Amino acid sequence: MTAADKALRLGTRRSKLAMSQSGHVAEAVRQLTGREVELVEITTYGDTSREHLAQIGGTGVFVTALRDALVRGEIDFAVHSLKDLPTSQPEELTLAAVPVREDPRDVLIARSGLTFTELPAGSRIGTGSPRRMAQLNAYARSHGLTVETVPIRGNIDTRIGYVEKGELDAVVLAAAGLSRIGRTAEVTDFLATDIVLPAPGQGALAVECTARNGELAAALAELDDPYTRVAVTAERALLAALEAGCSAPVGALADLLADGQIANEMRLRGVVGTPDGTELVQLSTTGSVPSSHDEALALGRELAAEMLAKGAAGLMGERAL
């Protein structure tokens with residue numbers, strides 16, 4: 001059997017969401033290469049730890065085991081949720097593709113079909129994300145609403161279960177994850193990005209292989225969406241410049257501003273805040289669409305510098321410099 005006949009081994013986390021998004025990529029790679037793709041399930045530290053993500057540091061806990069398997073040659077490529085990737089890229093690995101992004105927004109699943117502004121006073125909203133807590137609490141306070149944000153962990157089924165069992169009034173999840181497993185119909189409110197900015201890279205996938213496997217990297221590059229790549233590069237540059245891991249209360253979104261059908265500008269928005277929402281630093285910048293990786297990095301770093309000048313570092317707890 002020649003190398004071209006062998007099935008490609010795609011490393012993935014075992015969760016229903018990870019298996020679903022890896023399955024979509026596997027099918028696209030089959031069509032591109034004509035080769036079979038088999039999913040190799042790998043358990044990561046983030047899957048087995050029962051600690052809250054903010055406690056275990058967040059950064060890399062869902063990624064390290066997959067990357068280790070890549071380096072050891074146990075898998076040929078891996079699919080990650082891009083927001084789980086640490087902001088520094090190991091030299092021995094290459095980010096071969098960032099496919100077209102799904103909806104980056106956060107969504108609410110609430111009892112009785114309620115939207116966020118319809119929640120009664122004192123409603124308990126579950127989320128494991130300090131970023132979401134900060135923005136939801138700030139929005140609620142500015143609109144005269146009283147809510148309590150409750151830290152939770154678990155997969156999508158577990159989180160929605162808290163609402164179904166009546167333990168919580170609502171939970172906040174990523175729209176992209178629900179879309180990928182076909183559960184968008186359960187959403188009771190899509191939270192506008194003006195209310196809650198998503199995590200940097202939210203809704204995007206990262207397809208990674210070893211840097212030495214140039215042939216596979218070139219094939220996977222066919223899945224890359226250049227607009228998504230420059231957007232998430234800018235968002236992650238902002239995150240890196242704020243010295244914040246993916247458990248820090250940082251939201252960022254780069255979106256294209258189109259004049260008719262032609263995207264001619266990119267707007268980058270960033271937010272950092274205390275989990276109780278009493279202090280937020282929220283800024284945006286607009287420039288021409290980055291035409292290179294370096295330009296996208298510069299956009300993110302420029303906005304981060306402005307946010308730091310406005311006191312962002314002091315809002316990130318012990319991660320601050």
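Okay, so isoleucine 125: its bridge partner in β8 is alanine 170. Keep in mind that this is a predicted model. β6 and β8, the latter being residues 170–174, run parallel and are joined by two bridges.

Zooming out, those strands belong to an open sheet of five, ordered β7-β6-β8-β5-β9, with mixed pairing. At the edges you've got β7 (147–150) and β9 (189–191); each has a single partner strand, so one side of each has no neighbour in the sheet. From one strand to the next, the twist averages 30°.

Now the helices. α5 packs on this sheet and touches β5, β6, β7, β8 and β9, and its direction makes about 175° with that of β7. Then there's α6, residues 156–164, which also packs on the sheet, touching β5 and β8. Its direction makes about 155° with that of β8.

On to aromatics. How many aromatic pairs does the structure hold? Just one. That's phenylalanine 116 with tyrosine 139, a tilted pair at 5.8 Å centre to centre and 45° between the planes. Phenylalanine 116 sits in the loop between β5 (106–110) and β6 (123–126), while tyrosine 139 is in α5 (residues 130–142), so the pair ties together parts 23 residues apart in sequence. And both residues are buried.

Last bit, the cores. The largest nonpolar core has 20 residues, and the ones touching the most other members are Leu238, Leu242, Met266, Leu268, Val272 and Met307. At least two residues of this core come from each of α9 (226–241), β11 (250–259), β12 (262–273) and α10 (293–309). There's a second, separate core too, with 17 residues, including Leu8, Val25, Cys209 and Leu216.

Terms used: Residues are numbered from 1 along each chain as its sequence is written. This is a predicted model: local features need pLDDT of at least 70, side-chain atom pairs count only at pLDDT 80 or more; totals for chains, interfaces and linings use all residues. Side-chain values use heavy atoms; hydrogens and water are left out. A nonpolar core is a set of buried Ala, Val, Leu, Ile, Met, Phe, Trp, Tyr and Cys residues joined through side-chain atoms within 4.5 Å. Buried means under 20% relative accessible area, exposed over 50%, partly exposed in between (1.4 Å probe, protein chains only). Helices (H or I, at least four residues) and strands (E, at least two) are DSSP runs, numbered from the N terminus. Rings of Phe, Tyr and Trp (its six-membered ring) pair if their centres lie within 6.5 Å; planes under 30 degrees apart count as stacked, over 60 as edge-to-face and the rest as tilted. Two strands pair if DSSP finds at least two bridges between them. Axes are lines fitted to C-alpha atoms, for helices over the stretch in contact, and angles run from 0 to 180 degrees between N-to-C directions. Contact means heavy atoms within 4.5 Å.
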